[in-house]
Amino acid sequence: MTIKVAAIGTGNVGRHALTQLIKDPQFELTAVWVSTESKAGKDAGELAGLDISTGIAATTDLDEVLATKPDCAVYTAMAYNRLPDALEDYRRILAAGVNVVGSSAVFLQHPWQVLPDELVKPIEDAAKAGNATVFVNGIDPGFANDLLPLALAGTCQSIEQIRCMEIINYDTYDSATVMFDVMGFGRPLDDLPMLLQPGVLSLAWGSVVRQLATGLGIELDEVTETYTREPAPEDFDIASGHIKKGTAAALRFEVQGKKDGKVAVVLEHVTRLRDDLRPDWPQPAQEGGSYRIEITGEPTYALDLCLSSPNGDHNHAGLVATAARVVNAIPAVVAAPAGIRTTLDLPLVTGKGLYAVH
């Protein structure tokens, strides 16, 4: 029996999710929502970059999408710069009785003690009213810093600290909104972007440290954040645009969860736009970038996760992984009890039905 699904968003992540929804026989695509009129009316196959026609035209009207009565919606629409709108989208979808898997807004990965109660409660109430479930995940936040570290933690006798790291060159990541407006690359170092405003790092990645702490069975005393930026030594270009000399070209930050005065859980990002910037900062396990999990305890672990793809570089692979994580979770989410669900709640998603020889 196929699961009826709708796609919400067709951007960097959404188009990969849409590809899988079209190709995977366990899903029946019912509708596609897009954010711009320039995409409205286009066939889902075209938006996914496939040489096929699905007969499903994209719309900018969420009510039209909900009217197709999908079992689940895949939400990958941009949320960084439209958080109130994104949360209202989730509320409307859930209240309509439609389950949701999503890659944004990222703090819904584990929103408790991260979002104010007045923002979490409408989502919980809508899920209860619609008897629907929501699961937000991906790669980061997602399996690179929830599923994998929790799996390793389950093989320890004692744990002093869990550190999850993203060490990646973003030079081929093509999103001017994320790179310039959200992360502040290419901007003067005294110009604080959205991401580095006080409290935003803890809002965006607090879900990671809070969920890991919950998995460890501890209650954090506080969550703090630190960051360092590095200027460009000269003018150069990246996929998203031009970086002028002296503007931000590398960023390192930590979101730290503390217990009894000790740092128990850490989410760290080391982001460069060129490989030669800040060679003293942690280096990836492969060219371009990797994810790293470090558990200090008995035993101690260091696990490097290296992504690649026959169809693109590490950034491309990361986008595909982000999309596939939530799409593959659809059957488990549809079967789960109503409410906000996390990696701690869902059964292991194994990739059932994905084996293929190319």
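**Exercise 1. Helices α1 and α9**

Task: Identify the residues through which α1 meets α9, and determine how the axes of these two helices cross.

Solution:
1. His16, Ala17, Gln20 and Leu21 on the α1 side meet His316, Leu319, Val320, Ala323, Ala324, Val327 and Asn328 on the α9 side. Contact here requires heavy atoms within 4.5 Å. The helices (H or I, at least four residues) and the strands (E, at least two) are DSSP runs, numbered from the N terminus.
2. The model is predicted, with local features requiring pLDDT of at least 70 and side-chain atom pairs counting only at pLDDT 80 or more, while totals for chains, interfaces and linings use all residues. Residues are numbered from 1 along each chain as its sequence is written, and side-chain values use heavy atoms, with hydrogens and water left out.
3. The axes of α1 (residues 14-23) and α9 (residues 314-328) come within 8 Å and cross at roughly 50°. Axes are lines fitted to C-alpha atoms, for helices over the stretch in contact, and angles run from 0 to 180 degrees between N-to-C directions.
4. This angle makes α1 oblique to α9. Angles under 35 degrees count as roughly parallel, over 145 as roughly antiparallel, 65 to 115 as roughly perpendicular, and the rest as oblique.
5. The crossing of α1 past α9 is right-handed. A crossing is right-handed if the near helix is turned clockwise from the far one by less than a right angle, and left-handed if anticlockwise.

**Exercise 2. The surroundings of α1**

Task: Establish how many residues of α1 are buried, and what the buried residues pack against.

Solution:
1. Of the 10 residues of α1, 8 are buried, and the helix is mostly covered. Buried means under 20% relative accessible area, exposed over 50%, and partly exposed in between (1.4 Å probe, protein chains only).
2. The buried residues are Gly14, His16, Ala17, Leu18, Thr19, Gln20, Leu21 and Ile22.
3. They pack against β1 (3-8), β2 (27-33), α2 (44-47), β3 (72-75), α9 and α10 (330-335).
4. α1 lies across β1, β2 and β3, and runs at about 145° to β2.

**Exercise 3. The parallel sheet**

Task: Give the order of the strands in the sheet that contains β1, and explain why β2 and β14 are edge strands.

Solution:
1. The order of this open sheet of 6 strands is β2-β1-β3-β4-β5-β14, and the pairing is parallel. Two strands pair if DSSP finds at least two bridges between them.
2. β2 and β14 (339-341) each have a single partner strand, so one side of each has no neighbour in the sheet.
3. On average, neighbouring strands are turned by 20° against each other, direction ignored.
4. Within the sheet, β4 (residues 99-102) and β5 (residues 133-136) pair in the parallel sense over 3 bridges. Val100 stands opposite Val134 in β5.

**Exercise 4. The mixed sheet and strand β11**

Task: Describe the sheet that contains β11, and decide whether β11 is largely enclosed or not.

Solution:
1. This open sheet of 6 strands has mixed pairing and the order β7-β10-β11-β6-β12-β13.
2. Its edges are β7 (222-231) and β13 (301-305); each has a single partner strand, so one side of each lacks a neighbour in the sheet.
3. β10 (residues 248-259) and β11 (residues 262-272) run antiparallel and are joined by 10 bridges. In β11, His269 stands opposite Phe253, and Val270 is the bridge partner of Arg252.
4. The hairpin of β10 and β11 has 2 residues between the strands, and Asp260 takes a positive phi near 55° there.
5. β6 (residues 158-169) pairs with β11 in the parallel sense over 8 bridges. Cys164 has Leu267 in β11 as its bridge partner.
6. Since 9 of its 11 residues are buried, β11 is largely enclosed by the rest of the structure.

**Exercise 5. Cysteines**

Task: State how many disulfides the structure holds, and explain why Cys164 forms no bond with Cys156.

Solution:
1. The structure holds 0 disulfides, a disulfide being a pair of cysteine sulfur atoms within 2.5 Å.
2. The cysteine sulfur closest to that of Cys164 belongs to Cys156 and lies 13 Å away, which is too far for a bond.
3. Cys164 counts as buried because its relative accessibility is 1%. Cys72 also counts as buried, at 0% relative accessibility.
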